[in-house]
Amino acid sequence: MTPGPFKRIALIMLSAVLLGLSLHHGFGNAWLSQYTYASGTSDPSLAGSVNSAAAHTTTATPSGAAGIAADTQAASQTAKPPAPAAPAQPDPAQPDAAQTLSKRVVQYNMHVALREDIRYLDGSQTVTWTNPGNKTVSELYFHLYPNAFQSEKSTFMRESGGQLRGDKATVDSQGYLKLITLQTLEGESLLPRLHYVQPDDGNMDDYTLTKLNLPVPVAPGKSVTLSMTYEVKLPEVFARMGYSGSFVMAGQWFPKLAVYEMAGTRGRTNEGWNVHQYHGDSEFYSDFGLYSAQITVPENFKVAATGIQTKEAVTQNGTSVYHFYAEDVHDFAWSASPDFIYAEDTLSGPGIPGVRIKLYLDPAHEGLKDRYLHAAKSALSKYAEWYGDYPYSTLSIIVPPKGANGAGGMEYPTLVTALAAESDNPGYSLERTVAHEIGHQYWYGMVASNEFEEAWLDEGFTSYAEDKVMENAYDVEPNLALEASYITAPAPLKQPSWAYHSSDEYAENVYMRAKLVLVGIEKQVGAKTMQKIMRTYFQKYKFKHPTTSDFQRVVEQVTKEKWQDYFHQYVYGSLMADFSVEAIRVNEVNQDSNTQYESTVLIKRNGGQNGPIPLIFSFTDGETVSKIWDAAESHIQYKVMHAAPLEWVAVDPKNSNVLDNKHINNFMRAEVPEQSRIRWSLGLTKLIEGLLASVGW
């Protein structure tokens with residue numbers, strides 16, 4: 001929603017004041033860096049024919065999703081032209097059934113064909129679900145995510161306003177998933193038992209979640225296998241999945257089972273299904289299992305996919321057939337294009353038992369191949385060192401073409417997408433996005449937090465890890481003070497994604513504020529202890545779907561301290577840690593014929609508590625006095641006697657309190673000379689006039 005003129009004027013004036021004060025007090029460098037939201041027992045040889053369904057024609061309607069704006073620090077870098085790369089070959093590593101990393105609750109055997117016009121998918125699959133609980137289950141829930149694009153009335157479309165991260169829906173951004181058959185292995189049709197549900201908002205026009213009443217309930221430890229055929233109409237991509245030109249991104253494209261949670265999982269008192277619709281700001285949550293996929297595409301298309309390619313592609317009758325297999329993952333995504341330029345490299349080291357890094361480049365970024373591979377290897381090696389092993393033998397990186405950025409900056413198991421090739425000089429946005437998305441392999445991929453309900457456990461943790469890689473590999477440090485100033489609507493981190501009032505509020509909190517909450521812990525315990533916290537959390541909860549309270553327990557176990565107050569304020573609550581110099585009074589005092597100056601200073605805590613706060617008192621004779629305030633109370637008053645008058649006071653001058661989002665009140669002069677006051681007022685007026693002149697409405 002575009003703000004009205006008065007809101008614009010107020011916002012511009014506030015920005016001008018912030019900029020003026022920052023420059024005036026030596027904080028000008030804070031405005032030089034910017035933040036990026038960068039801103040998912042089967043036989044691999046199983047084969048079968050793909051069920052082709054007749055095409056269904058529909059009227060396309062605009063659709064979209066709200067999201068996160070990407071903004072990055074620019075840097076120019078050139079690379080040598082790469083040598084021509086051989087086409088992708090099958091992975092030498094074969095599945096090892098003896099290594100079981102997860103409970104493998106689900107098993108998919110999928111066959112999908114991309115039609116020649118690349119607007120439709122024809123799919124068939126068998127899916128087996130094993131009841132992991134202690135109760136008999138009489139229903140299953142399936143996510144039908146492509147139905148988010150079915151009409152402007154879907155929950156996704158209503159909440160999103162037709163855009164995601166600045167990418168807007170077009171007249172062709174309409175799509176759907178239509179189940180054609182749904183049967184038991186005995187051939188009994190279950191379609192009459194299927195009905196759509198809307199547990200989050202009751203929107204009867206939303207068809208992204210469906211409930212199936214089973215003819216025979218599933219006892220604990222027992223399994224049920226269903227077969228189905230379906231048709232997917234791909235939207236023109238603007239929100240994660242779809243097509244752009246001859247490029248296809250198939251993410252969240254198939255009927256996918258929801259998660260059945262055990263008692264004790266994420267604080268549940270009773271076992272049951274965790275089910276939600278597809279929302280404008282939420283991502284995904286699913287359970288671990290096995291995936292075997294046969295993907296048929298027009299013969300000139302190359303395919304990238306989750307898992308390993310188990311055999312060479314077979315080309316015949318104008319099509320190419322690819323086979324992929326993945327274990328201990330909770331999703332399966334793939335992408336196809338005739339234009340991909342393929343390159344690869346390998347990485348081995350501590351925590352990395354030999355990973356084949358596969359790069360699918362848009363031709364516009366062919367010359368940046370080495371940068372992509374370096375970023376991938378830097379990120380993966382550091383995450384393995386800091387947090388734990390990367391257990392998969394492959395990692396694919398897709399670079400979408402210009403115009404397809406809606407598919408960029410996303411994560412899927414063993415497969416990520418970079419930002420689209422919009423620019424031939426992407427600056428550090430290239431490296432930052434690759435580092436961010438590979439970080440998701442840990443917090444989204446293996447830890448597998450519930451992104452519907454606790455997005456911060458994925459996005460915040462990944463943003464924190466991303467910064468570490470950028471510092472370590474590229475000497476790019478985050479400007480935390482500036483990032484904190486972006487937070488204008490702090491909100492609790494542990495809440496459903498759709499509970500935030502806007503996509504901006506969602507982004508501010510689950511990406512940026514969540515990261516600052518983690519940095520705030522690190523500032524108190526030290527970098528070494530914080531690394532131990534993060535590693536312990538990953539090792540303890542990989543493949544287990546933890547919750548916020550699980551992370552808090554790890555923090556308390558590692559530090560041997562209670563963190564309830566901190567989590568109550570900043571995680572479960574919506575506080576920031578704002579401190580201010582509220583007032584200064586200087587009085588001249590005569591003592592034994594000597595002139596002294598008594599300075600009274602009032603310091604206030606306007607938000608949450610965040611450890612000791614440093615203070616500096618500077619006097620006109622050049623001397624300074626440093627103090628530390630424990631900030632246990634809401635305010636404190638200091639009286640300082642000195643031979644010279646107090647000139648200024650600063651709270652937290654080095655911005656060590658990363659959760660302070662209002663630095664404008666951290667500094668106060670004891671007295672501003674009249675001449676300086678006039679000069680400041682005129683300068684601020686001219687700055688505001690210039691900003692207003694540059695804005696038209």
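**Exercise 1. Determine whether His-440 is buried or exposed, and establish its surroundings.**

Solution. His-440 has a relative accessible area of 0% and is therefore buried (buried means under 20% relative accessible area, exposed over 50%, and partly exposed in between, with a 1.4 Å probe and protein chains only). The structure is a predicted model, in which local features need pLDDT of at least 70 and side-chain atom pairs count only at pLDDT 80 or more, while totals for chains, interfaces and linings use all residues. Residues are numbered from 1 along each chain as its sequence is written, and side-chain values use heavy atoms, with hydrogens and water left out.

Next, locate the residue: His-440 is in helix α4 (helices are DSSP runs of H or I of at least four residues, strands are runs of E of at least two, and both are numbered from the N terminus). Finally, list its contacts, which are heavy atoms within 4.5 Å. Neighbours within four places in sequence aside, His-440 contacts Glu-411, Gly-445, Asp-458, Glu-459 and Thr-462.

**Exercise 2. Identify which residues carry the UniProt annotation "binding site" and where they lie in space.**

Solution. The unreviewed UniProt entry assigns "binding site" to His-436, His-440 and Glu-459; UniProt positions follow the numbering used here, feature names are shortened, and annotations may be inferred rather than shown by experiment. These residues span 24 residues in sequence, but no two of their C-alpha atoms are more than 9.0 Å apart, so they gather at one spot. His-436 also lies in helix α4, and its relative accessible area of 0% makes it buried.

**Exercise 3. Describe the residues that UniProt marks as "active site".**

Solution. The unreviewed entry places this feature at Glu-437 and Tyr-511. Although they are spread over 75 residues of sequence, they cluster in space, with a largest C-alpha distance of 13.0 Å. Glu-437 belongs to helix α4 and is buried at 1% relative accessibility. Tyr-511 sits in helix α7 (residues 503–525) and is buried as well, with a relative accessible area of 2%.

**Exercise 4. State which residues make the contact between α4 and α8, and of what class they are.**

Solution. The crossing of helices α4 and α8 is left-handed, meaning that the near helix is turned anticlockwise from the far one by less than a right angle, whereas clockwise would be right-handed. Tyr-442, Trp-443 and Met-446 of α4 meet Met-534, Tyr-537 and Phe-538 of α8. By class, this contact has six nonpolar, no polar and no charged residues (Ala, Val, Leu, Ile, Met, Phe, Trp, Tyr, Cys and Pro count as nonpolar, Asp, Glu, Lys and Arg as charged, and the others, Gly among them, as polar).
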